[in-house]
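Work through the exercises below with the sequence and the coordinates at hand. Each task is followed by a solution in steps.

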Amino acid sequence: PKEDVDEYVKLGHEEQQKRLQAIIKKIDLDSDGFLTESELSSWIQMSFKHYAMQEAKQQFVEYDKNGDDTVTWDEYNIQMYDRVIDFDENTALDDAEEESFRKLHLKDKKRFEKANQDSGPGLSLEEFIAFEHPEEVDYMTEFVIQEALEEHDKNGDGFVSLEEFLGDYRWDPTANEDPEWILVEKDRFVNDYDKDNDGRLDPQELLPWVVPNNQGIAQEEALHLIDEMDLNGDKKLSEEEILENPDLFLTSEATDYGRQLHDDYFYHDEL
């Protein structure tokens, strides 16, 4: 956000440079004086995860209405919908909008129950994080895959075909070619997800699609930064190159738009 960058201008030039240098040192995992694509990418992913966890911790406090360090299903509903909602699992509703909300709500409930590892009355902070960020927690993987299969695997063969992947798209027999978005989606199916090229997604291949993790975003940002800031063409960044053009670095995901210079979790010497 813009205001963070402004706040960061208030750091004196020397202090700013000192903190930036501390961050550069931390990104440089093998301490060879250069930041590579994979070092930058790992750092950006770590930063994403840190902020996701911080956010979940704040949410947890808001949801935990009675302050007993657990969030119950009722508390979750009150926070989300201002009331406790209870749908019958087996009764579909006539109204299309209500029915799609019922399905979504039951899906949430299932995820909530799955996140609740100890089957206590509610979720602890760790379990709440698993509920909000199932992609970060190993014990949720199986559930996330099952949920995706239930939703997309219409013929029940345990795989998602290209047709199932494209969902409710109706092929138009009069059209000479597929619309642009179909071509884009097909390309993603073939090149990004279907790793073994058998024309269908198995449960492991489903995962990157249904739970896009931050790896791709982080890699793109890392490549973009090197592209913009690498002055001598060695495909990595030296401290000099970064300090030559610090604003680019400070308006990127690598420092979370400068926010990391105000969070000693990032610039402090011991991580």
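The exercises go from the whole chain to single side chains, and the model they use is a predicted one.

**Exercise 1. Overall description**

Task: State how many helices and strands the protein has, what its C-alpha trace spans, and what share of its residues count as buried.

Solution:
- Step 1. The secondary structure consists of 14 helices and four strands.
- Step 2. Along the principal axes, the C-alpha trace spans about 65 × 60 × 30 Å.
- Step 3. The protein has 271 residues, of which 39% count as buried.
- Step 4. Take the contacts between residues at least 6 apart in sequence: 55% of them join residues at least 24 apart.
- Step 5. The exposed area is about 16,300 Å², and carbon and sulfur atoms supply 47% of it.

**Exercise 2. Charge and a surface patch**

Task: Count the positive and negative side chains of the protein, then find which residues form a negative surface patch.

Solution:
- Step 1. There are 26 positive and 74 negative side chains.
- Step 2. The centres of these two sets lie 2 Å apart.
- Step 3. A negative patch on the surface is made up of Asp 94, Asp 95, Glu 97 and Glu 98.
- Step 4. Glu 97 belongs to helix α5, which covers residues 96-115.
- Step 5. Exposed means over 50% relative accessible area; Glu 97 has 67% and therefore counts as exposed.

**Exercise 3. A helix with buried residues**

Task: Identify which residues of helix α6 are buried, and name elements that cover them.

Solution:
- Step 1. Helix α6 spans residues 125-132.
- Step 2. Its buried residues include Glu 127, Phe 128, Ile 129, Ala 130 and Phe 131.
- Step 3. Among the elements covering the buried residues of α6 are α3 (37-63), α4 (73-81) and α5.

**Exercise 4. A salt bridge within one helix**

Task: Describe the pair Lys 18 and Glu 15, and say where both residues lie.

Solution:
- Step 1. Lys 18 and Glu 15 form a salt bridge, with 3.6 Å between the closest N and O atoms.
- Step 2. Both residues are in helix α2 (residues 13-27), three residues apart, or about one turn of the helix.
- Step 3. An α-helix has 3.6 residues a turn, so residues three or four places apart point the same way.
- Step 4. Lys 18 is exposed, its relative accessible area being 54%, whereas Glu 15, at 28%, counts as partly exposed.

**Exercise 5. A salt bridge between two helices**

Task: Work out which parts of the chain are linked by the pair Glu 151 and Lys 107.

Solution:
- Step 1. The two side chains meet in a salt bridge, 2.6 Å from N to O for Glu 151 and Lys 107.
- Step 2. Glu 151 is in helix α7 (residues 141-152) and Lys 107 in helix α5; the pair links distant parts of the chain, 44 residues apart.
- Step 3. Glu 151 is partly exposed at 39% relative accessible area, and Lys 107 is partly exposed at 29%.

**Exercise 6. A buried partner and a network**

Task: Is Asp 256 buried or exposed, and which residues are joined into one network by shared salt-bridge partners?

Solution:
- Step 1. Asp 256 forms a salt bridge with Arg 259, the closest N and O atoms lying 2.7 Å apart.
- Step 2. Buried means under 20% relative accessible area; Asp 256 has 11%, so Asp 256 is buried.
- Step 3. Arg 259 is partly exposed, with a value of 32%.
- Step 4. Elsewhere, Glu 15, Lys 18 and Arg 19 are joined into one network by salt bridges that share partners.
- Step 5. The count of salt bridges comes to eleven.

Terms used. Residues are numbered from 1 along each chain as its sequence is written. This is a predicted model: local features need pLDDT of at least 70, side-chain atom pairs count only at pLDDT 80 or more; totals for chains, interfaces and linings use all residues. Side-chain values use heavy atoms; hydrogens and water are left out. Patches are made of residues with over 30% relative accessible area and no salt bridge: like charges are joined within 9 Å, nonpolar side chains (Val, Leu, Ile, Met, Phe, Trp, Tyr) within 5 Å. Accessible areas come from the Shrake-Rupley method with a 1.4 Å probe; for residues, only the protein chains shown count as cover. A salt bridge is a side-chain nitrogen of Lys or Arg within 4 Å of a carboxyl oxygen of Asp or Glu. Lys and Arg count as positive and Asp and Glu as negative; His and the chain ends are not counted. The place of a charge is taken as NZ of Lys, CZ of Arg, CG of Asp or CD of Glu. Buried means under 20% relative accessible area, exposed over 50%, partly exposed in between (1.4 Å probe, protein chains only). Contact means heavy atoms within 4.5 Å.
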